[in-house]
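The following exercises concern helix packing and internal cavities. Study the structure before reading each solution.

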Amino acid sequence: MTIVIERVLVSEILDGRTPLILVSGWNGPTEDTARSLLRDGTVVVHHDLDLVHEGVVRRTVTTLESGAPRERLGILELAHGCISCTLREDLLPLLRRLHTRSSVQRIVLHLDRRLEPEAVCWAVEHVAVSGVVGQIDGPASRDVRVDGVVTCVDAGSWLTDATGDEALDDDRTVAQVAVGQVDFADALVVSGSAGDGWQQARLHAVLARLAPGAPIIWDGDAPDVERLLRDIPAGARRGEPSHAHSPLLRGQPPLSHDCGVMLVEFTATRPFHPERLHEAVDVLLDGVVTSRGRVWVATQPDEALWLESAGGGLRVASADRWLAAMTPEEQEQVGVARRAMAALCWDERFGDRHTSMVVLVHAADPTEIDRTLQWALVTDDELADEAAWQSWPDPFGQFHEDPCESSESPYAEPESREGHE
């Protein structure tokens, strides 16, 4: 064990980038958790987005000086008030500037509750930053590396938030943010109580399946977050965004039934009838924490769709083309892992086209979900008459968002979830 730890430390030293810890959460103890990581050499950064749509953001940078926290408050006035502007115009350049300071050995980002850590990590890795004195233009990942994402959860309210349909003032819901924050976590800090023992056990069952392998601190007055970071397993994602063709059961979550909580897997090698699928998706919005997966719709033979729900809201987006719809040259540009998985289940008629979904239920009947989705698939007669598929009405033609009557814009692609904000 000692040898492994020493190798990790040597690797970090050779890396040369400044470690970055993200602390997120909708209603959890994010401020206390972030401040508990404050020590000599650590700087804590927080952007308050309460007034972002008025073009004003409050930025706080906290350091430890002479053993006491010192806060430096800045007021940012943005030409276009939005979360993406805050990331691009201030947070990312700030990360690169902090890296140049010899006194900064670690950066802790205390994220505003509206921020999803996956979007921030994507921006750190991919958004070019220019104009930082003494540095070559490029993404912040040139100078910082994500060492861990900690999500804070309020035990008494999180499951209600994660299964509701309350809308935010952009195109997201509270459920989407709350679920996304936990799903992307490397470690969890849970405060308070979910109620009685059964409710607490149910919450634990949900978290264990949504963030499998993530170490958890439960309701500590003074949680040892430094130790929690050390307990993050070697295989944790540490800021690596997923994409539509990543494994759906990442981290090997429990597949057993516990307190009404269960992961339901649904796969099919024939397409969905678009109108029946549109009717069937309601089964994913009641008693379900989240569902996600790749979907094959008969009227869109070339396009893989990504379906994702959280609480009472569901959206569908493009997930790139199926390999079977690509030229051999285009297939060569696709990742090896995806091509290998497609080869294992390649069909002579339809290639790699398929449906693969995972549904996390907490108060729904798994049998009813499976029965309803099976009903939405094309029948044997419909499968035989492939020429007729293009004549069917397709509610997913411009992708889809539920509830239909309040739809304003489709999701960005899963690989670009930062665009949601």
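**Exercise 1.** At roughly what angle do the axes of helix H3 and helix H4 cross?

*Solution.* The model is predicted, with local features needing pLDDT of at least 70 and side-chain atom pairs pLDDT 80 or more, while totals for chains, interfaces and linings use all residues. Residues are numbered from 1 along each chain, and side-chain values use heavy atoms, without hydrogens and water.

Step 1. Helices are DSSP runs (H or I, at least four residues; strands are E, at least two), numbered from the N terminus. Helix H3 covers residues 83-99 and helix H4 residues 117-126.

Step 2. Their axes come within 11 Å and cross at roughly 70°. (Axes are lines fitted to C-alpha atoms over the stretch in contact; angles run from 0 to 180 degrees between N-to-C directions.)

Step 3. H3 is therefore roughly perpendicular to H4 (65 to 115 degrees).

**Exercise 2.** Describe the largest cavity.

*Solution.* Step 1. A cavity is a set of points on a 1 Å grid where a 1.4 Å probe fits but cannot get out; lining residues have an atom within 4 Å of a point.

Step 2. The largest cavity has a volume (space filled by probe spheres set on the points) of about 140 Å³. Among its 13 lining residues, Arg209, Leu210, Leu248, Leu263 and Arg292 are the closest to its centre.

Step 3. Helix H7 (197-210), strand S12 (288-295) and strand S15 (355-361) each give two or more residues to this lining.

Key
On a 1 Å grid over the protein atoms alone, a cavity is a set of points where a 1.4 Å probe fits but cannot get out, and a pocket is an open set with protein on both sides within 12 Å along at least five of seven lines; lining residues have an atom within 4 Å of a point. Angles under 35 degrees count as roughly parallel, over 145 as roughly antiparallel, 65 to 115 as roughly perpendicular and the rest as oblique.
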